Amino acid sequence: MITAPSRRTLLAGALAGLSVPAAAAPPARAAVAPRPNFLIILADDLGWGEIGVQGQRKIATPTIDRLAAEGVRFATAYSGAPLCAPSRCSLLTGLHAGHSTVRENPEGGPQRALIEDDLTFAELLQLSGYRTACIGKWGFGPELPGQPSHPNERGFDEFLGYITHRHAHQYYPRYLWHNAGKVALTGTTYAPDLFLRRAVGFIEEPSDKPFLLYFPTILPHSPSVVPGDAGQYENKPWTRPNRRHAAQVTLLDSHVEQLVAALRKTGKAANTIVLFMSDNGPHREKGVTPGLFDSNGPLRADKRDLYEGGIRVPLIAWSPKLRPRVETRPVAYWDVLPTLADLAGVPAPDGIDGRSFRGMLHGGDGPDHHHLVWNRPRKAQAIRRGRWKAIRFAPGIAGAGPGGRIELYDLGTDLGERKDLSSDRPELVGELMELLDQSIGPDPRRPYGLRMAASGDRVTVTLVNGSAVTWRRVRLALHLPGGRTMTSRQEAAELVPGEEISATFRVTGRGAVTGRASFRTGGRRHTFRRTHDRRRSLV
């Protein structure tokens, strides 16, 4: 039966390689390009100017600089927010912080969480056959297994690290989470090194599946903690926090080097795209002074601010298949999900704010954003349209009076945001504020994905088309333990956006069953899969 849209859970699709055909599928015997691996390295509070290729002179980052020289450096890349949780939510889900579930950090209240309706890039790839892992800082509570905000429920086969934002401040933790359980530690293990070892192990695991490795390290977040002394910075005439902050950044660079070395060692580098980025601008916490390092170069302010220094961040794409170049057109972190989908050949979900920048990797077209939006509820909001950027401060915030304050900057001539032009261009300010108000509201996404429901001896498989294109020749099946497959007699000639199709199978016995949905779109055959162990309750 075909019914109205229902709540979205997961999505996936059969993927292609770095070059996905736009029209006809290849002949039956033609070789299909392997699907690309993805390694996403997310630094924590690394400033735009804290890497050598973007002007850093006091801190050594030779590996990151080399990746930039060999790959594509996005000089105008924006994070989802000027602080941790909302930025990561934007990265994972393809929504800016005016639409996303998590729009602020846990300051002054409990940690905000992802919900079942959130669709992450890991879910897209996992259900299409990727093996997936998140190793490091997740950043969304609560610390409970089996709930919708846990990494295992949001598309990651394996999780090792911190669940919550605050727990991730501990470099020598007493415990970490590994999948659904806590692992007790002695408080003597330096967590970033542990994460590196497991990430290298994940890369080295033999598998015929492509992989997604999301590596959100806690370096160089405060406190400024490194094993031993500050290494090459120990005798610098700086404060102890600054010496160790510099050591953290160089240690991060070393970890990037070892991850890339693992790709080369295993022969996987040629078919892997590495994205290196930071979640927001640099911090000035526990004695660290960004001015010493010129952490933002020409940009104004740092973490927590909606000036360029808080939201413009490093972004480097590297692969042996990419030609070196510097891209100056703006991209934002909500563009990452559709970019991964585009590179992998997955039909992108409809209603997200992001647009694929795949073309920019090869010097072609990129996201044609009419405007970009940032939102810190009850604090400040910002919008960029072309070269113009406006920031609106809430009453009493950042020195604003009881009526708040609006500032306007021309980034084309004033990258450092020094000259407020709001009084000179009141009509433009009004236009931007109206557009900003229109851009902030409820989640605009539609349900999308594959889900399963079990009741007694019946298992129902449901496919929901939440994309913007029609899916044709839709078929549902259920794989049983022992290799047997049950195929539904019910098929759909086409499934238009917003529609769903369901099939119910009668199953005896226990054990894992896998729902499968196949369809055609864009000249390709796609397959979505989701596995459920019938000995456990469905999530």
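The paragraphs below go from the whole protein chain to one of its helices, α9.

The model is predicted, and its protein chain holds nine helices and 25 strands. The radius of gyration of the protein chain is 23 Å, close to the 24 Å that the globule rule gives for 539 residues, so the chain is as compact as a globular protein of that length. Along its principal axes, the C-alpha trace spans about 70 × 55 × 45 Å. Of the 539 residues in the chain, 58% are buried, while the area that the chain exposes comes to about 20,500 Å², with carbon and sulfur atoms supplying 51% of that area. When contacts in the chain between residues at least 6 apart in sequence are considered, 69% of them join residues at least 24 apart.

Helix α9 shows how one element is placed within this chain. Running over residues 426-439, α9 has 14 residues and reaches 20 Å from its first C-alpha to its last, close to the 20 Å expected at 1.5 Å a residue. Which residues of α9 are buried? Those under 20% relative accessible area are L428, V429, L432, M433, L435, L436 and S439. These residues lie on the same side of α9, because they cover an arc of only 165° around the axis. On the other side of α9, by contrast, P426, E427 and Q438 are exposed.

The buried residues of α9 pack against four strands, namely β15 (372-376), β16 (380-385), β17 (388-393) and β18 (405-410). The helix thus has one side with buried residues that is packed against these strands, and another side where P426, E427 and Q438 are exposed.

Methods
Residues numbered from 1 in each chain as written. Predicted model: local features only at pLDDT ≥ 70, side-chain atom pairs only at ≥ 80, totals over all residues. Heavy atoms only, no water. Helix = DSSP H or I, 4+ residues; strand = E, 2+ residues; numbered from the N terminus. Expected span 1.5 Å × (residues − 1). Buried < 20%, exposed > 50% of the residue type's maximum accessible area, 1.4 Å probe, protein only. Arc of directions from axis to C-beta. Contact = heavy atoms within 4.5 Å. Rg over C-alpha atoms; globule rule 2.2 N^0.38 Å. Areas by Shrake-Rupley, 256 points an atom, 1.4 Å probe, with all protein chains shown as cover.
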